[in-house]
Amino acid sequence: MAKKKLFEDIKSNPARFYRMPADVLRDRRFADEEKLEILRAWRGMGDIQEIDGLITDLERRFSANGHAAE
């Protein structure tokens with residue numbers, strides 16, 4: 001499966017590909033920006049508090065690396 005197709009499939013249903021939201025952060029196939037998109041897509045499907053914490057962690061990485069967070 002091509003990476004772009006896989007990414008779109010994961011965004012449409014992240015729980016199908018990951019057991020828990022924290023697993024997204026360990027997936028080396030995707031850049032931080034892509035991981036952030038996956039977590040945002042998952043936000044409406046899972047533990048919002050946990051996902052918001054993971055999103056905050058990724059956004060801090062952007063700040064530390066000089067990248068602009070979305």
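Student: Is aspartate 9 buried or exposed, going by its relative accessibility?

Tutor: The cut-offs come first: a residue is buried under 20% relative accessible area, exposed over 50% and partly exposed in between (1.4 Å probe, protein chains only). Aspartate 9 has a relative accessibility of 16%, so that it counts as buried, and its place is in helix H1. As for its position relative to leucine 25, the two C-alpha atoms are 17 Å apart in space, while the residues are 16 positions apart in sequence.

Student: What should I know about the origin of these coordinates before I read further?

Tutor: The model is predicted, and for that reason local features need a pLDDT of at least 70 and side-chain atom pairs count only at 80 or more, whereas totals for chains, interfaces and linings use all residues. Residues are numbered from 1 along each chain as its sequence is written, and side-chain values use heavy atoms, with hydrogens and water left out.

Student: What is the average pLDDT of the protein chain, and which elements have the lowest and the highest mean?

Tutor: The score is the predictor's confidence in each residue, from 0 to 100. The protein chain averages 86, and 90% of its residues score at least 70. Among its elements, H1 has the highest mean pLDDT, 95, and H5 the lowest, 84.

Student: How many helices and strands does the protein chain have?

Tutor: Both are DSSP runs numbered from the N terminus, with helices (H or I) needing at least four residues and strands (E) at least two. The protein chain has five helices and zero strands, and the order of its elements from the N terminus on is α-α-α-α-α. Along the principal axes, its C-alpha atoms fill a box of roughly 30 × 30 × 20 Å. Of the 70 residues in the protein chain, 36% are buried.

Student: Which residues of helix H4 are buried, and what covers them?

Tutor: In helix H4, which spans residues 32-42, the buried residues are Asp32, Glu34, Lys35, Leu36, Ile38, Leu39 and Trp42. Their cover, judged by contacts (heavy atoms within 4.5 Å), includes helix H1 (3-12), helix H2 (14-17), helix H3 (22-26) and helix H5 (48-65). For the protein chain as a whole, residues 24 or more positions apart account for 45% of the contacts with a separation of 6 or more.

Student: How many salt bridges does a search of the whole structure find, and which residues are linked in a network?

Tutor: Side chains of opposite charge can pair when their charged atoms come close; the rule here asks for a side-chain nitrogen of Lys or Arg within 4 Å of a carboxyl oxygen of Asp or Glu. A search of the whole structure finds ten such salt bridges, and a network of them links Glu8, Lys11 and Glu37. In one part of that network, the side chains of glutamate 8 and lysine 11 meet at 3.9 Å, N to O. These two residues are three positions apart in helix H1, and therefore about one helical turn separates them. In the other, glutamate 37 forms a salt bridge with lysine 11, with 3.0 Å between the closest N and O atoms. That pair links distant parts of the chain, since glutamate 37 is in helix H4 and lysine 11 in helix H1, 26 residues apart. Each member of the network is partly exposed: glutamate 8 has a relative accessible area of 39%, lysine 11 one of 23% and glutamate 37 one of 27%.

Student: Which residue forms a salt bridge with arginine 26?

Tutor: The partner is aspartate 23, with the closest N and O atoms 2.4 Å apart. Both residues lie in helix H3, three positions and about one turn of the helix apart. Arginine 26 is exposed at a relative accessible area of 55%, whereas aspartate 23 is buried at 18%.

Student: How many aromatic pairs are there?

Tutor: Rings of Phe, Tyr and Trp (its six-membered ring) pair if their centres lie within 6.5 Å, with planes under 30 degrees apart called stacked, over 60 edge-to-face and the rest tilted. The count comes to two aromatic pairs. In one of them, phenylalanine 7 and phenylalanine 30 have ring centres 5.6 Å apart and planes at 45°, so the pair is tilted. This pair also links distant parts of the chain, with phenylalanine 7 in helix H1 and phenylalanine 30 in the loop between H3 and H4, 23 residues apart. Both phenylalanine 7 and phenylalanine 30 are buried.
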